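Please read the following report alongside the sequence and the 3D view. It goes through some local features of one chain, part by part.

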Amino acid sequence: MSLAEVIQYLRRWQVAEADQLADQIERCGEPLSEELMLALSGAASSMPISPSLTENLAMIRLLLGGSPDLVIRTLSLGSGHLPGAMCYLNEMANRKQVMLILESLLVRLRNEPIPGPGGTVTPQFLDQANPSVKNELVSTMRDVLIAVLTGDCVLLVEGMDVCIRMLTDSPPTRPPGEPGGEPVVRGPKDGFTEVAAINLALIRRRIRDERLRVESFTLGKRSRTRMFLLYMLGTSLPELVAEVRSRLQRIDIDAVLESGYVEELIEDQTFTLFPQVKATERPDVAVSGLLEGKVLLITDGTPHVLLMPATFAAEMQSPEDYYHRWPVASFYRFLRYVYLFVAFLGPALYIAVTTYHHELIPTNLLLRLVAAREGVPYPALLEALFMELTLEALREAGVRLPKTIGQTISIVGALVIGESAVRASLVSPVMVIVVSLTAISSFIIPLYTMSLAIRLLRFSMMILAGTFGFFGIVVGMLCLLIHLASLRSFGVPYLAPVMPMSASDLKDVGIRVPWWAMRNRPQFMPMGDHRRVGPTSQPKPPRGGK
């Protein structure tokens, strides 16, 4: 790169700040100091495009640090052989689109006169030559850098104080596959990917309605992460959409690398274990939330999209609840709530009964429990904590290990450690059964974030049970209910529709009634259009049939 061209660029700007930078560069010489590079980067937001092509190219090379993946192709445009250059990042821009653009510029327009005064290339002129690529004008060096870093091509022409951005972004991606965290037996097998545009297309594929609204945001001063805000016009309440939009606009952060960054910055209550925004990898779950009046947030770079507001009942629902027939779905949903209490209170109840409340156990069972615990040197609380912490460590190890051996290590490790601990009289066989049943119960919870909350709260209930018995469990449950009753997600009560009670919405909480009986969308959701199923949808036998 030529520092002389950079200095000439800054002098042409005719701003006091630019003159100071030019003087410092002249005194510093090459290579430039880190302070000067940071000052140049900060000033790029207001730097205009120079009419000199060489000055523009020198500034782009300098601001990008001479990156080896920066590609600059010099061109001769039109019959007048007007000097130009196209800049893009290798592997970020779509190669097929880049080749089409080069073909149109070098072959199709080779003998065409450049229209406009002074031979100005316009987006309309390029649109006629290559209509498959969208073109737009940019006028500052910051816009040029954003376009290149996004994966687009930028065309700079000698004598033009603007340049043309050609949308060719094609970042590395993977095809939609079945979500690993939310598998189903019956239902769609496609899932979101790390590309926001593909995720938006998966939503569009399922909602072919012009009332689906999409708004674009850019968050992160350094990552410039692209985000899409989706809602249904006439179904989602405007106040809810405005509140989500307001919370997004007030975010000031360096980078957004995953939707979890945004989730923590827009939730109502920070000091809680329960998720107040529903994260999902499934397009069908996202679409069902949109149709209920919720707001969807898609983040580029992650397959997890966010649905808001969230409720406790929604976190306990599985997508298969709506694909199986209603008696089967109702049975398994009821079973899910039963084992939710087992996962939450199983070890705590065992500790309380065996430590303080022997009178609640039948005599024969009590004798067996005493015989099983004979020789165990620790109280039931320490015994349970040891087993639970060991199980959590095995779970975490199974996640971090390669998939081919992770599950095997978890299962074999649990069996070996459990059997060895019983033989060494460190834990009782009954405790191993209780902890194993608790672990199985926690896997029944559909969403991983809710499962994490239950698993962490289980430790506090175990400590309360080991300290105060049933009295501690009751106090812990009351505190938890008070916390859940006071929790809100974008103004919606977290325990809705149970607290506050909405009788019509109970059709889709503990059980699921047939689809024809769920005529309205959830009443506790702030929305406009509540009608979901028409009155003629109930199946009936044919009339006059033989």
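Arginine 224 counts as partly exposed, at 39% relative accessibility. Here buried means under 20% relative accessible area, exposed means over 50%, and partly exposed lies in between (1.4 Å probe, protein chains only). Arginine 224 sits in the loop between β6 (212-219) and β7 (225-232). Helices (H or I, at least four residues) and strands (E, at least two) are DSSP runs, numbered from the N terminus. Although arginine 224 is not a glycine, its phi is positive, at about 45°.

The model is predicted: local features need pLDDT of at least 70 and side-chain atom pairs count only at pLDDT 80 or more, while totals for chains, interfaces and linings use all residues. Residues are numbered from 1 along each chain as its sequence is written, and side-chain values use heavy atoms, with hydrogens and water left out.

**Backbone exceptions**

Most residues other than glycine have a negative phi, and most peptide bonds are trans. Phenylalanine 490 has a positive phi near 55°. This residue lies in the loop between β11 (488-489) and β12. Phenylalanine 490 is buried, with a relative accessible area of 8%.

Two cis peptide bonds can be described as well. One runs from alanine 496 to proline 497, with omega near 5°. Another runs from methionine 499 to proline 500, with omega near -5°. Proline 497 is in the segment after β12, and proline 500 is placed in the segment after β12 too.

**A surface patch**

Valine 498 also belongs to the segment after β12 (492-493). Val498, Met499, Met501 and Leu506 make up a nonpolar surface patch, with about 360 Å² of accessible area together. Patches are made of residues with over 30% relative accessible area and no salt bridge; like charges are joined within 9 Å, and nonpolar side chains (Val, Leu, Ile, Met, Phe, Trp, Tyr) within 5 Å. Accessible areas come from the Shrake-Rupley method with a 1.4 Å probe, and for residues only the protein chains shown count as cover. Valine 498 can be part of the patch because its relative accessible area is 40%, which makes it partly exposed.

**The sheet**

Five strands form an open sheet with antiparallel pairing, in the order β1-β2-β4-β5-β3. β1 and β3 stand at the edges with a single partner strand each, so one side of each has no neighbour in the sheet. From one strand to the next, the twist averages 25°; axes are lines fitted to C-alpha atoms, for helices over the stretch in contact, and angles run from 0 to 180 degrees between N-to-C directions.

Strands β1 (residues 70-77) and β2 (residues 82-89) pair in the antiparallel sense over eight bridges. Two strands count as paired if DSSP finds at least two bridges between them. Serine 76 has proline 83 in β2 as its bridge partner. β1 and β2 form a hairpin with four residues between them, and glycine 78 in the turn has a positive phi of about 70°. Strand β4 (residues 153-157) is joined to β5 by three bridges, and the two run antiparallel. Cysteine 153 stands opposite methionine 166 in β5.

Helix α4 (residues 53-63) lies across β1, β2 and β4, at about 15° to β2. Helix α7 (residues 141-150) packs on the sheet and touches β1, β2, β3, β4 and β5. The direction of α7 makes about 55° with that of β2. Contact means heavy atoms within 4.5 Å.

**Salt bridges**

Side chains of opposite charge can pair when their charged atoms come close. A salt bridge is a side-chain nitrogen of Lys or Arg within 4 Å of a carboxyl oxygen of Asp or Glu. By this rule the count is 22 salt bridges. The table gives some of them.

| Pair | Closest N and O atoms |
|---|---|
| Glutamate 136 and arginine 165 | 3.9 Å |
| Arginine 455 and glutamate 392 | 2.7 Å |
| Glutamate 392 and arginine 458 | 3.7 Å |

Glutamate 392 in helix α15 and arginine 458 in helix α18 are 66 residues apart, so this pair links distant parts of the chain. Both glutamate 392 and arginine 458 are buried. Arginine 455 is buried too, at 9% relative accessible area. Glu388, Glu392, Arg395, Arg455 and Arg458 are linked in a network of salt bridges.

In the pair of glutamate 136 and arginine 165, glutamate 136 is partly exposed at 29%, whereas arginine 165 is buried at 15%.
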